[in-house]
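Me: I would like to learn how to read the empty spaces and the packed parts of a protein model. Could you walk me through one?

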Amino acid sequence: MTKKIFTVLAAVVAAATVSAQPSSVYTVVYNHASRHTNFGVAAGGVNVAEGSQSGVEAGLVNINKSWQRGVQMGIANLTAKSQEGFQAGIVNLTGGWQRGFQAGIMNLTGHSVTGAQMGIVNLFSGNGQRGALFGVLNIGGGGETGAQFGLVNFFGYHQQGALFGVINAVGGNATGAQFGIANLIAGNTRGVQFGVVNITGKADGTQIGIINLAYRYRSGLPIGIINIVGEGGYMAAEAGSSSMFPVTAAFKSGVEALYTSVIAAWNPRFHKQVALGVGVGSIFDISRLVFFNPEMNYMSTLEAMSASIFELHPNFGCNIGNRWSVVAAPTLTWQNVARGNDFNRPLYSIWQKRLDSRNELYLGLRAALRFRIM
């Protein structure tokens, strides 16, 4: 689609120059050069060059049928082939490659870009871009090396460098870092994805967000609330009971090296009987049946002056077939309350210690039944 756009626009530039007079004309309003020129400055309302041009073009409309080297400044700067130097205007169109700097509302390049583009819309359809893009919408038909800053950054092929935007999308592989609300990489990612939603194929690095999706992790870890990994991932549902929370339900997702939990719990002795929380954990196989499973959770009660409850579970587990397992452990719990001496009481405890009017420690037990989804 982008190549068709450039083909049509380049044809418009060519048609405009062909219809011009065959001889050179220089006036204040209209300047037309019929052959290659190396003059210093062409200043007029409309500047047209049949051949290549080196120097400065300053006018409302600057048109070059061949390449332009130097500076173009105007409302519309149109170069049928390549441009090297500086283009400043509302619309900057280069049919070939562009080397240097483009500044305008819309910057369109039919081939690769080396340098910087700054505008509302920056578009190139060639094999690659090296440098920086600053715009609301940055679109590249090929690969990109450098940094992009925009609301939407999209590249059809590989990307290497950094992406900063609300939506960052790459049709191939990405190497570097992506920072955005949504980071969408169709190929493989090597580096860091930081956003609300991070999606990639194979990952070598880290995903940090609310929702992280990856086909497979070759190295690195996903860090988020929901982490879904297709090949080699870990996902499980758990129902359990502990001295602090006699009824708990949890959803766990990520990889065995590091997974996260979303937890709901109930205790009839609490001021507000329901608590919600998140946690992290790891699984270390001891044998085919037995594993060590340390977990750390943070829970919060559902009240205006909520209590914060931190739990440490050094679980040991036993596999029952391919899907089911049971875990059990002593638990160490720390409760911090907003109001002094206003503690939520556990169902039972083996040992407890009040540190001050707002902090208490508890030692208890827990057990849970777990079903592995993947």
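Reply: Gladly! About 120 Å³ of space lies in the largest cavity. A cavity is a set of points on a 1 Å grid over the protein atoms alone where a 1.4 Å probe fits but cannot get out, and lining residues have an atom within 4 Å of a point. Points are joined across faces, edges and corners, and the volume is the space filled by probe spheres set on them. This is a predicted model, where local features need pLDDT of at least 70 and side-chain atom pairs pLDDT 80 or more, while totals for chains, interfaces and linings use all residues. Residues are numbered from 1 along each chain as its sequence is written, and side-chain values use heavy atoms, without hydrogens and water.

Me: Which residues are closest to the centre of the largest cavity?

Reply: Its lining has 17 residues, and Thr 248, Ile 263, Asn 297, His 313 and Arg 366 are the closest to the centre. Strands (E, DSSP runs of at least two residues, numbered from the N terminus) help to place the lining: E19 (234-242), E20 (247-255), E21 (258-266), E24 (290-301) and E25 (308-320) each give two or more residues.

Me: How many cavities of 30 Å³ or more are there?

Reply: There are four.

Me: And what is the volume of the largest pocket?

Reply: A pocket is an open set of points with protein on both sides within 12 Å along at least five of seven lines. Here the largest pocket has a volume of about 220 Å³. Among its 15 lining residues, Tyr 234, Glu 256, Phe 291, Asn 319 and Arg 372 lie nearest the centre. Strands E26 (324-336) and E28 (359-372) each give two or more residues to this lining.

Me: Which residues touch the most other members of the largest nonpolar core?

Reply: A nonpolar core joins buried Ala, Val, Leu, Ile, Met, Phe, Trp, Tyr and Cys residues through side-chain atoms within 4.5 Å; buried means under 20% relative accessible area, exposed over 50%, and partly exposed in between (1.4 Å probe, protein chains only). In the 13-residue core, they are Met 244, Phe 245, Phe 270, Met 299 and Ile 309. A second, separate core of eight residues includes Phe 124, Phe 155, Leu 163 and Val 170.

Me: Why does Gly 85 count as partly exposed?

Reply: Gly 85 counts as partly exposed because its relative accessibility is 27%. This glycine sits in strand E7 (residues 83-94). Setting aside residues up to four places away in sequence, Gly 85 touches Gly 70, Gln 98, Arg 99, Gly 100 and Phe 101, where contact means heavy atoms within 4.5 Å.

Notes:
Helices (H or I, at least four residues) and strands (E, at least two) are DSSP runs, numbered from the N terminus.
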